[in-house]
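I am opening a fresh page for this structure and will write down what I look up as I go. The entries follow the order in which I checked things.

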Amino acid sequence: MLLAPSLLAADFGHLAAAVTTLRTPGAADWLHCDVMDGVFVPNISFGLPIVQAIHAAAGPLPLDVHLMIQDPGRYVEAFAEAGAASLTVHYGACPHLHRVVQQIKKAGCRAGVALNPHTPVALLADIVADLDVVLVMSVNPGFGGQQFIDHTYRKVAQARALIVSSGSSARLQVDGGVGEGNIARLAEAGADVFVAGSSVFGTPDPVATCHRLRAAAEDGAKMRPKAIPSL
Ligand code: DX5
Ligand code: ZN
């Protein structure tokens with residue numbers, strides 16, 4: 001179970017301090033960086049120079065860069081050079097998704113593909129074996145602090161079934177509205193990487209919150225059914 005706190009919910013005036021906090025042992029496994037272009041999503045967050053600055057502060061923590069941008073292939077090499085360990089692009093932002101996934105791997109990063117809440121899991125059938133990360137969005141991308149969409153549990157189970165049936169080694173990540181109230185059930189459904197923004201930074205002690213979130217995820221994973229249904 002990996003926890004990927006989203007820096008979108010951090011105080012941007014003290015970003016390095018937020019990263020330092022998350023470097024506390026047992027806090028973050030990956031640092032989730034939400035890049036938004038104001039085109040693919042209706043919001044603009046930050047770009048390359050900020051990712052570079054996060055990388056400079058991150059030490060050994062891998063940067064999990066979530067590209068909510070149109071035609072992300074234009075920027076793959078630049079984000080790899082800025083320090084991304086994984087690059088996740090959106091299914092709906094890439095007319096040539098297979099090419100972009102190969103491009104990400106060639107750039108030396110883990111390759112992830114994100115599905116918006118309306119995008120069926122089955123659309124990944126011909127690409128999942130090439131992926132390192134499948135990201136199921138549990139909110140419509142663009143903003144932190146939104147309400148978790150309930151059909152995500154079913155979708156996570158479907159994504160887990162697809163990963164298993166295709167022999168993929170992809171991790172299964174969930175992003176949006178994740179917190180102490182739903183992380184165990186998401187782990188039980190098959191997720192193994194959890195993005196959490198406001199549920200981490202909205203608490204007085206983000207490190208203690210990370211510990212509780214991970215413990216809840218571990219408990220949930222123990223409840224997984226042995227037989228995983230196929231799609
Ligand atoms: C939403 C982003 C998320 C966001 C999650 O578009 O992709 O990573 O930061 O924030 P919370 O956890 O507050 O929903
Ligand atoms: Zn994200």
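**Ligand 1 and its surroundings**

I began with ligand 1 and found a polar side-chain atom of Ser 198 at 2.5 Å from one of the ligand's oxygen atoms. I note at once that I am reading a predicted model. I then looked up how far ligand 1 is covered, and the protein turns out to hide 99% of the 380 Å² of accessible area that the ligand has on its own.

Next I listed the neighbours: 20 residues surround ligand 1, and the closest are Gly 142, Asp 175, Gly 177, Gly 197 and Ser 198. For Gly 177 I recorded a polar backbone atom 2.8 Å from an oxygen atom of ligand 1. For His 66 I recorded a polar side-chain atom lying 3.2 Å from an oxygen atom of the ligand.

**The zinc ion**

Which residues coordinate the zinc ion (ligand 2)? I found His 32 through NE2, Asp 34 through OD, His 66 through ND1 and Asp 175 through OD, at 2.1 to 2.3 Å. I checked the geometry as well, and the site is octahedral, with angles of 71 to 170 degrees among its six donor atoms. As a reminder to myself, ideal angles for six octahedral donors are 90 or 180 degrees.

I wrote the spacing of the donors along the chain as H-x1-D-x31-H-x108-D. Within this set, Asp 34 in strand 2 (residues 31-36) and Asp 175 in strand 7 (residues 171-175) are 141 residues apart, and the pair links distant parts of the chain. I also looked up their exposure, and both Asp 34 and Asp 175 are buried.

**His 66**

I came back to His 66, since this residue appears in my notes both as a zinc donor and beside an oxygen atom of ligand 1. I located His 66 in strand 3. Is His 66 buried or exposed? I count His 66 as buried, because its relative accessibility is 0%. Its side chain makes a polar contact of 3.1 Å with the side chain of Asp 34, and another polar contact, of 3.4 Å, joins it to the side chain of His 32.

**Cysteines**

I searched for disulfides and the structure holds zero of them. Why is Cys 33 not bonded to Cys 109? The closest cysteine sulfur to that of Cys 33 is the one in Cys 109, and at 12 Å it is too far away for a bond. Looking from the other end, I noted that Cys 109 is in no disulfide, with the sulfur of Cys 33 as its nearest cysteine sulfur. I then compared each with the burial cut-off of under 20% relative accessible area: Cys 33 is buried at 0%, and Cys 109 counts as buried at 6%.

**Two loop residues**

I looked up Asp 71, which is found in the loop between strand 3 (63-68) and helix 3 (76-82). Its phi is positive, about 50 degrees, although Asp 71 is not a glycine. I count Asp 71 as partly exposed, because its relative accessibility is 34%.

My last entry concerns Val 178, placed in the loop between strand 7 and helix 6 (183-189). Val 178 counts as buried, at 4% relative accessibility. I also took the separation of the C-alpha atoms of Val 178 and Leu 31, which is 15 Å for two residues 147 residues apart along the chain.

Note on methods
Residues numbered from 1 in each chain as written. Chains lettered and ligands numbered in written order. Predicted model: local features only at pLDDT ≥ 70, side-chain atom pairs only at ≥ 80, totals over all residues. Heavy atoms only, no water. Donors = N, O, S within 2.8 Å, 3.2 Å for Na, K, Ca; no water. Tetrahedral: all angles 85-135°; square planar, octahedral: opposite > 155°, others 65-115°. Helix = DSSP H or I, 4+ residues; strand = E, 2+ residues; numbered from the N terminus. Buried < 20%, exposed > 50% of the residue type's maximum accessible area, 1.4 Å probe, protein only. Near = heavy atom within 4 Å. Polar contact = N/O pair within 3.5 Å; in protein donor to acceptor, adjacent residues only side chain to side chain. Areas by Shrake-Rupley, 256 points an atom, 1.4 Å probe, with all protein chains shown as cover. Disulfide = S-S within 2.5 Å.
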